[in-house]
Amino acid sequence: MNHFVWADLSTYNPESSMQFYERIFGWQFHDSGGYFVAMQGLSEVVGLFETPAFFQKIKMPHFWMSYIAVEDAIATADQVKEFDGAKVELTDHFYGGQIALIRDPQGAGFTIYDGGKLNCRSTGTNRLIWNELHVSNAATVIPFYERLFQWTFDASESGDRFRIFDRQQEHIADILVLPNSVKGQYEYWVCSFAVDQLRETADRIEACGGGVVFDEGERMMMHDNSGEAFFYIQ
């Protein structure tokens, strides 16, 4: 519990987005009542859905959302009321269980989930392998995650990266401190996907209408054909 298990994409144009990710990662999508599940062989990889009309109206960008498994979504969401985070209304997930969108004190959004069936993080190619929080000031959010998930944090010597450990002391994610000039004005969780050939995949992304946000050498942050949904390949 209290670790990352799933990710999905909110997009204004599901058909265009599915075509893009099919070409990049070879995923095949199936429709589960308006929620599209990407398959890699027999494995469920990620989800995709059309951004609700209200959020399109207020021009919310396309985005990848990270899911964290919890024992009880209602109880966890109620805890957030006591902290500095803001909770969005609980809803049922198509696989059963409940989800709630949470925003941490700096506004980075993530989803909590208690259904127990979603688990897409692995070491496989073209799959979700890591999650990372990009912030301008880690000290403003670390106490929130410590209290909510009982996570612990290990700072690098430079102080610009923090390793996140769950209650079993497994390294499950990272925080990366970046200036707004690099990460933009928002704080956000980023999904990373493994690929066989980094440069070839980046070239394919650009050919399909995506692009490079920044190149770190062993991994690259990309945007998809919406120009808004960001993710890493590595």
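Here is a short tour of a predicted model, stop by stop, with something to select at each one.

**Start with confidence.** Colour the protein chain by pLDDT: the average is 91, and 98% of the residues score at least 70. Now pick out two elements of the chain. Helix H1 (residues 14-25) has the highest mean pLDDT, at 98, while strand S6 (residues 86-87) has the lowest, at 69.

**On to the cores.** Select Tyr21, Trp27, Trp64, Phe231 and Ile233 and show their side chains. These have the most contacts inside the largest nonpolar core, which has 42 residues. Apart from that core lies another one, of 29 residues; to find it, select Leu148, Phe149, Phe162 and Ile175, which are among its members.

**Next, strand S13.** Select residues 171-177. How many of the seven residues of this strand are buried? Five are, so S13 is largely enclosed by the rest of the structure.

**Look at who pairs with S13.** Add strand S10 (residues 128-135), which runs parallel to S13 and pairs with it over four bridges. Zoom in on His134, whose bridge partner in S13 is Leu176. Now add strand S12 (residues 161-165): S12 and S13 pair in the antiparallel sense over five bridges. Here Arg161 is the residue standing opposite Leu176 of S13. So Leu176 is a handy residue to centre on, with His134 as its bridge partner and Arg161 opposite. While you have the strands on screen, remember that side chains in a regular strand alternate between the two faces of the sheet.

**Last stop, the turn.** Follow the hairpin of S12 and S13 through the five residues between the strands, and stop at Gln169, where phi is positive, near 65°.

How values were computed:
Residues are numbered from 1 along each chain as its sequence is written. This is a predicted model: local features need pLDDT of at least 70, side-chain atom pairs count only at pLDDT 80 or more; totals for chains, interfaces and linings use all residues. Side-chain values use heavy atoms; hydrogens and water are left out. A nonpolar core is a set of buried Ala, Val, Leu, Ile, Met, Phe, Trp, Tyr and Cys residues joined through side-chain atoms within 4.5 Å. Buried means under 20% relative accessible area, exposed over 50%, partly exposed in between (1.4 Å probe, protein chains only). Helices (H or I, at least four residues) and strands (E, at least two) are DSSP runs, numbered from the N terminus. Two strands pair if DSSP finds at least two bridges between them. pLDDT is the predictor's confidence in each residue, from 0 to 100.
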